[in-house]
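Subject: The structure we talked about

Hello,

Here is the structure I promised to pass on. Please open it alongside this email, and I will walk you through what turned up.

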Amino acid sequence: MKYFLLLSFCFLFLQGKAQNSDSSNEPDSIKKTVLATYYHRKFEGRRTTSGAKYRAKKLTAAHRTLPFGTLITVTNPDNGKSVVVKVNDRGPFSKRLAIDLSESAAKQIGIYRKGIAKVRLSYTLE
C-alpha cells in the first residue's frame, strides 16, 4: 500500500509539473545579433510596402521577412541603448544587412551617421 501511495503521489506531482510547463502563455522571444542601417532622408514621405508613408520621426523599420506590425526591440551593444520599432516596410535588400531603421530610431540608439552598425534584435512572433 505504501508503494502504491508513493507511486500515485509521484505520478500526480509529475503530471502537475507537465501541465504547468505547457500552460505558460508567454511566447519565447527570438534574439539575434545583426547588422543594421537606417533610411536615407530622400525616402521621407514616400510610401512603404505596407502602404504607410515613411516618416523619419516615427519609430519604424524595414525587415525582409517579419510580418508588418511586428514590434522589435533594437539594442546597440556598444552603449546599451535600445528602442522599440514597428515593421512597416520590406528591406534592406543587401544580404549583409538585416534591418533598416528610421532616422529617429537610429539616433535614439546612437548609430546615426555610422552607416552600418551591429545591433541586437529581440522580438516575438504571435
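Let me start with a hairpin. Strand S3 (residues 71-75) and strand S4 (residues 82-89) run antiparallel and are joined by 5 bridges. If you would like one pair to find by eye, take leucine 71, whose bridge partner in S4 is lysine 86. Between the two strands of this hairpin there are 6 residues, and glycine 80 has a positive phi there, near 80°.

S3 has a second partner as well: strand S6 (residues 117-123) pairs with S3 in the antiparallel sense, over 3 bridges. Here threonine 73 is the residue to look for, with serine 122 as its bridge partner in S6. While you are looking at strands, it may help to recall that side chains in a regular strand alternate between the two faces of the sheet.

Now a step back to the whole chain. Please keep in mind that this is a predicted model. The mean pLDDT is 86, and 79% of the residues reach 70 or more. The stretch to treat with care is residues 16-24, where the pLDDT is below 50 and the model shows 0 contacts beyond near neighbours in sequence. Where pLDDT is low, the predicted coordinates should not be read in detail.

As for the overall layout, the chain holds 2 helices and 6 strands, and along the sequence they follow the pattern α-β-β-β-β-β-α-β. Of the 126 residues, 33% are buried. The chain exposes about 8700 Å², with carbon and sulfur atoms supplying 55% of that area. Among contacts with a separation of 6 or more, 70% are between residues 24 or more positions apart.

Next, the inside. The largest nonpolar core has 22 residues, and those touching the most other members are Ile72, Val74, Val85, Ile99, Leu101 and Leu121. Two or more residues each come from S1, S3, S4, strand S5 (97-101), helix H2 (103-109) and S6. S6 gives the largest share, 4 residues. Leucine 121 is a good place to zoom in: apart from residues up to four places away in sequence, leucine 121 touches Ile30, Lys31, Lys32, Val34, Ile72, Thr73, Val74 and Ile99.

Leucine 35, in strand S1 (residues 30-38), is another residue with distant partners. Leucine 35 counts as partly exposed because its relative accessibility is 23%. Its C-alpha atom is separated by 7.2 Å from that of isoleucine 99, although the two are 64 residues apart along the chain. Beyond its neighbours within four places, leucine 35 is in contact with Arg96, Leu97, Ala98, Ile99, Ile116, Ala117 and Lys118.

There is some aromatic company too. The whole structure contains 3 aromatic pairs. In one of them, the ring centres of tyrosine 39 and phenylalanine 43 are 6.2 Å apart and the planes meet at 75°, so this pair is edge-to-face. Which of these two residues is buried? Tyrosine 39 is, at 8% relative accessibility, while phenylalanine 43 is partly exposed at 29%. Together with Tyr54, these residues, Tyr39 and Phe43, form one aromatic cluster.

That cluster leads on to serine 102, which sits in the loop between S5 and H2. Serine 102 counts as buried because its relative accessibility is 0%. Its contacts, leaving aside neighbours within four places in sequence, are Tyr38, Tyr39, Tyr54, Arg55, Ala56, Lys58, Leu59 and Thr60. From serine 102 to phenylalanine 43 the C-alpha distance is 10.0 Å, with 59 residues separating them in sequence.

One of those contacts deserves its own visit. Threonine 60 lies in strand S2 (residues 60-63) and, at 11% relative accessibility, counts as buried. Residues up to four places away aside, threonine 60 touches Tyr54, Val85, Lys86, Asn88, Asp100, Leu101 and Ser102. Two of these names will be familiar from the core, Val85 and Leu101, and Lys86 is the bridge partner of leucine 71.

I hope this makes a pleasant tour.

Best wishes

Notes: Residues are numbered from 1 along each chain as its sequence is written. Side-chain values use heavy atoms; hydrogens and water are left out. Buried means under 20% relative accessible area, exposed over 50%, partly exposed in between (1.4 Å probe, protein chains only). Contact means heavy atoms within 4.5 Å. pLDDT is the predictor's confidence in each residue, from 0 to 100. Accessible areas come from the Shrake-Rupley method with a 1.4 Å probe; for residues, only the protein chains shown count as cover. Two strands pair if DSSP finds at least two bridges between them. A nonpolar core is a set of buried Ala, Val, Leu, Ile, Met, Phe, Trp, Tyr and Cys residues joined through side-chain atoms within 4.5 Å. Rings of Phe, Tyr and Trp (its six-membered ring) pair if their centres lie within 6.5 Å; planes under 30 degrees apart count as stacked, over 60 as edge-to-face and the rest as tilted.
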